[in-house]
Each structure stands twice: as C-alpha cells, then as structure tokens.
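Open the model in your viewer and show the side chains as sticks. This tour goes from one aromatic ring to the next and ends with charges over rings.

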Amino acid sequence: MALRLSDIVDEALLSARALKDYGDHFFNPTVRLGVTGLSRAGKTVFITALIRGLTRGGRFPVFEPFASGRIARARLEPQPDDAVPRFDYENHVRTLVEQRRWPDSTVDVSELRLVIDYQRPNGADRTLTLDIVDYPGEWLLDLPLLHKTYAEWSRESLGLSRQRPRARLAEPWHADLATLHAQEPADEQAALSAARLFTEYLRACRDERFAMSLLPPGRFLMPGNLAGSPALTFAPLDLPDDGAAPEGSLWAMMVRRYEAYKDVVIRPFFRDHFSRLDRQVVLVDALAAFNAGPEALVDLEAALAGILDCLRIGRSTLLSSLFRPRIDRILFAATKADHLHHSSHDRLEAVLRRTVSRAVARAADTGADIDVVALSAVRATREAQVQHGRDRLPSILGTPAPGERADGEAFDGLTEVATFPGDLPDDPEPLFAGNGAFHGLSSAPAQGTDFRFLRFRPPPLESGEAEGPALPHIRLDRALQFLIGDKLQ
Ligand code: GDP
C-alpha cells in the first residue's frame with residue numbers, strides 16, 4: 001500500500017530543508033549515503049573499512065576514480081549535524097587493527113563527513129562531500145507502521161507469531177497474553193510485562209538459530225536512547241473483530257502508546273534522517289539466513305521487500321514535491337562473503353538477487369538504479385587447498401575469535417583453522433522452497449565439526465598500527481563504484 005508523504009511528516013518543513021540542502025549542494029556537491037541493515041549485518045565494519053580504504057589508500061581496482069589516480073585526497077571533516085552523534089571511526093579502526101577485534105555494532109544513528117578532492121577526467125579539480133549516515137535497518141522497517149492502526153498491527157503481529165518457527169518462541173508471551181483482556185481497565189504492570197515478554201519473543205526470533213528479520217517495532221530491539229520510555233511499553237492484544245477501545249481500558253492505553261511511538265520515534269526518524277538521503281546501501285547477512293533455513297530466508301525476503309517499499313516511498317513522493325530526486329541508487333550487499341570460498345561469491349550474489357527480485361520489480365517504476373553485490377568489507381580469511389584423503393578441498397583459513405567453540409573445543413584466538421565452507425547451489429530456488437534440498441552450509445567434512453557460526457578475528461596486518469595499510473576486502477571497490485563512482489566524474 002502506498003504511503004502519502006503527508007501521512008508521514010509536515011511537508012512544508014521538509015520542503016524548507018530541501019531548499020537549504022539544495023543551495024548547499026549547489027555550491028558544495030554533497031552526497032548523503034545511508035548505510036543500513038539489520039542488527040549485526042555489518043554496518044559498522046563496512047563504514048570503517050570504507051573510510052579507512054579511501055583515506056589510507058586501499059586496493060580498489062574496480063573503483064575507477066581511485067584506481068586511475070584521480071582521487072588526490074580523502075579526509076575527515078567535522079560532522080555537520082549538531083544533533084547527531086559522530087560515527088566513532090577512530091576507535092573502531094583501533095579496535096579492528098590494533099586489537100584485532102570487531103568494533104561495537106550500530107545501536108543508534110550516527111554520521112560522518114568525508115571530503116574527497118579529485119580531478120575530473122577533463123583535468124578540472126573538484127571536491128565531493130560524502131556524508132555517511134549509519135542507522136539500524138530495524139528503524140526503517142518501522143515506516144510501514146505509519147499506515148497501520150494499532151488493531152491492524154496487533155492482528156498482523158499475532159498472526160505472524162503463530163507461524164513456524166515463531167510459535168514456539170512466542171509461548172511465554174502467548175501465555176501472558178491469554179490472561180489479558182483488552183477491555184479491562186488499563187494496568188501499567190500488565191502493559192510492562194506484556195511489552196517485556198513481547199520484546200523477549202522478538203529477541204528470540206532474532207537469535208542466529210532462527211535469524212528472523214521481520215520484527216517490528218524496531219526500537220524494541222534497538223531502543224537507541226528511548227529504552228524504558230512509555231512509547232516503547234506496548235504490545236499486541238487479542239482484540240475483538242470490531243468495536244472501539246473503551247475509555248480507560250488496557251486496549252486504549254496500548255492504542256495511545258502505539259500512536260505515541262509513531263509520533264516520537266518513526267516520524268522524527270523519517271524527517272531528520274531518512275528523507276535526506278541520496279544513496280542507500282542495505283547490508284544483508286544472507287549467510288546467517290541460509291544457515292537458519294528456508295523460513296529465515298522467506299522472512300528476510302519479506303523484510304527486504306518492506307525496506308524497498310520504504311525507499312520507494314522516500315523517492316517517488318519526494319520527487320514530486322521537492323527540488324531534486326532522492327535516493328536514486330540502492331545497493332543490496334550480502335556481507336561476510338569471506339566465510340565462503342571465492343567460487344561461491346557469485347552464487348551468494350545470485351541468492352541475494354533472488355531474495356530482492358520481487359521487491360525490485362515493484363520498485364522499477366521509481367527509476368532508481370538497484371544493484372546487488374556479495375562483499376566482505378574486512379576480509380578475515382585466506383583461501384587454501386587442503387588435502388582431505390585423496391581430495392584437495394577448497395578451504396578458507398581464519399583465526400576463530402577467542403572463546404568461539406566448535407565440536408566441544410574452545411578456541412584461544414591464536415590458532416588458525418582450515419574450514420570447508422561448503423558450496424552454495426547454482427540455483428538459489430530450492431533454498432526458498434524449503435523442500436529439504438538444502439539446509440544451511442555444509443559443515444567441515446573432515447572433523448564433522450559445525451563451523452557455520454564461527455566468528456573469525458579480523459586479519460593481522462603487516463603493520464599493526466592504526467595508521468598502517470588499508471584492510472583487505474572482497475568487492476568493496478565494486479560497491480564504491482556503484483555508490484559514488486558517477487559523482488566523481
Ligand atoms: P552492525 O550491527 O550492522 O553494525 O554489524 P557490525 O558491523 O558490528 O558486524 C557484526 C559482526 O559481523 C562483527 O562483529 C563481525 O563479527 C561480523 N562481520 C562484519 N563484517 C564482516 C566481514 O566483512 N567479515 C567477517 N568475517 N565478519 C564480519
């Protein structure tokens with residue numbers, strides 16, 4: 001269902017800001033790049049690696065302005081939006097490079113400004129300002145709630161929670177729900193425990209064994225600075241098919257809080273961040289979804305369709321009322337491709353392409369360019385052929401993070417292991433069908449060990465200092481070429 005802009009936010013306010021942005025951009029070309037993806041998709045690592053590569057000379061053969069030497073310099077400048085936290089780049093790099101640990105993940109919106117001095121192909125010197133906006137994908141998935149009433153959302157959430165594999169995870173919450181009556185007087189304690197159990201259910205669905213993606217309201221899992229506030233203290237109720245909420249009832253209380261959630265959380269996010277983006281990269285941990293099985297993939301497909309619908313809303317309606325089109329390029333990127341042998345990278349891309357295909361077809365009329373890539377922003381593994389009996393198997397080598405366990409063995413963070421990541425199928429279709437053709441990546445045949453969820457440490461660098469060389473990656477340059485290559489012409 002299409003959303004009107006007026007459903008979302010005050011158009012006059014948006015237009016005034018668009019005019020200011022337009023003026024600023026005219027004198028100082030600026031691209032606002034949104035980086036999103038569900039929790040743990042790889043946003044923090046992606047942004048850190050991208051900035052590190054651009055400022056410290058990464059190996060980017062496919063990023064033409066860089067490879068051809070037209071980029072003279074890329075430097076960080078103070079973050080322009082006073083009310084938005086700055087992306088903690090320096091700390092993240094230190095953690096990655098000096099400690100060989102992964103940085104803390106995104107839990108809130110943050111921003112960073114990168115200024116790129118470059119030469120146009122005709123020799124003229126120019127500057128491009130790249131504002132990178134990092135925000136949780138869970139928040140984006142909230143936008144469709146704007147056109148749903150509490151009753152609709154409640155019914156949908158309950159319906160979903162009765163399907164496999166969610167039903168089992170929802171048992172404690174459903175047990176509590178059965179004791180609640182929507183028409184009874186409002187009770188803060190009842191609302192609190194319902195919200196807590198509902199949130200625990202959402203969290204259980206997100207667990208890597210189930211890897212569900214469609215879990216709104218997004219702030220329940222990613223509260224940012226709103227943890228514990230009343231706007232986050234509501235939950236679905238079993239409602240009668242018709243009728244209105246009696247005054248003073250639990251039902252009325254839930255309706256009020258649900259509406260407050262839209263006002264306090266969703267609309268400001270749309271107005272302050274989302275509506276101002278020019279380009280968007282959506283990072284997807286597709287491997288986690290394969291590993292969890294077909295239900296997770298189908299759920300991911302629905303979540304990505306939801307995300308694309310939101311992006312379409314952002315572009316097409318703003319296009320008609322404002323000065324310049326917004327989001328005109330969207331990249332879907334499957335992250336952590338270094339968990340696979342390179343022979344499977346194209347297949348990973350094919351699965352992601354299949355996952356977004358229906359949504360992309362629906363978005364075709366927006367005129368936005370959409371692309372798909374499998375990448376690893378920081379490549380934590382190497383490849384090798386490992387002798388297994390008479391066979392030589394294509395393997396990946398990496399150092400499991402300290403405390404990671406496989407086959408009863410706990411790794412110390414110092415030992416490198418070879419794993420056989422298994423092949424993705426050429427045809428992605430059976431993955432979605434759930435016909436048993438494929439359930440997760442095959443585990444290491446030699447040890448019978450399940451390495452699927454092993455987290456590898458970031459790679460060692462020759463110079464372990466934060467000022468040292470750029471980080472190894474897979475296809476990060478392709479992503480850059482698509483996202484900003486044309487802006488550097
Ligand atoms: P965010 O929640 O989207 O900000 O996710 P992060 O960027 O914090 O990434 C979550 C986790 O995924 C990290 O702690 C790493 O364990 C893993 N990860 C992210 N990117 C990569 C990558 O390129 N390669 C590997 N091997 N692991 C990655």
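A residue counts as buried when its relative accessible area is under 20%. The model is predicted.

Select Phe270 to begin. Its relative accessible area is 0%, so Phe270 is buried. Add Phe274: this residue has a relative accessible area of 1% and is therefore buried as well. The rings of Phe270 and Phe274 make an aromatic pair, with 5.5 Å from centre to centre and 50° between the planes. That geometry is classed as tilted, because the class takes in angles that are neither under 30 degrees nor over 60.

How many aromatic pairs does a search of the whole structure find? The search gives 20.

For another of these pairs, select Phe234 and Tyr261. Their ring centres are 5.7 Å apart and the planes meet at 70°, an edge-to-face arrangement. Phe234 sits in the loop between helix 11 (218-221) and helix 12 (250-272), while Tyr261 belongs to helix 12. With their positions 27 residues apart, the pair links distant parts of the chain. Buried or exposed, Phe234 and Tyr261? Both are buried.

Now widen the selection to Tyr150, Trp153, Trp173, Phe198, Tyr201, Phe220 and Tyr258. Together with Phe234 and Tyr261, these residues form one aromatic cluster.

Two stops remain, each with an arginine over a ring. Select Trp139 and Arg219: Arg219 lies over the face of Trp139, 3.3 Å from the ring centre. Then select Phe482, where Arg329 lies over the ring face at 5.2 Å from the centre.

Key: Residues numbered from 1 in each chain as written. Predicted model: local features only at pLDDT ≥ 70, side-chain atom pairs only at ≥ 80, totals over all residues. Heavy atoms only, no water. Phe/Tyr/Trp six-rings, centres within 6.5 Å; stacked < 30°, edge-to-face > 60°. Helix = DSSP H or I, 4+ residues; strand = E, 2+ residues; numbered from the N terminus. Buried < 20%, exposed > 50% of the residue type's maximum accessible area, 1.4 Å probe, protein only. Lys NZ or Arg CZ within 6 Å of the ring centre and 35° of its normal.
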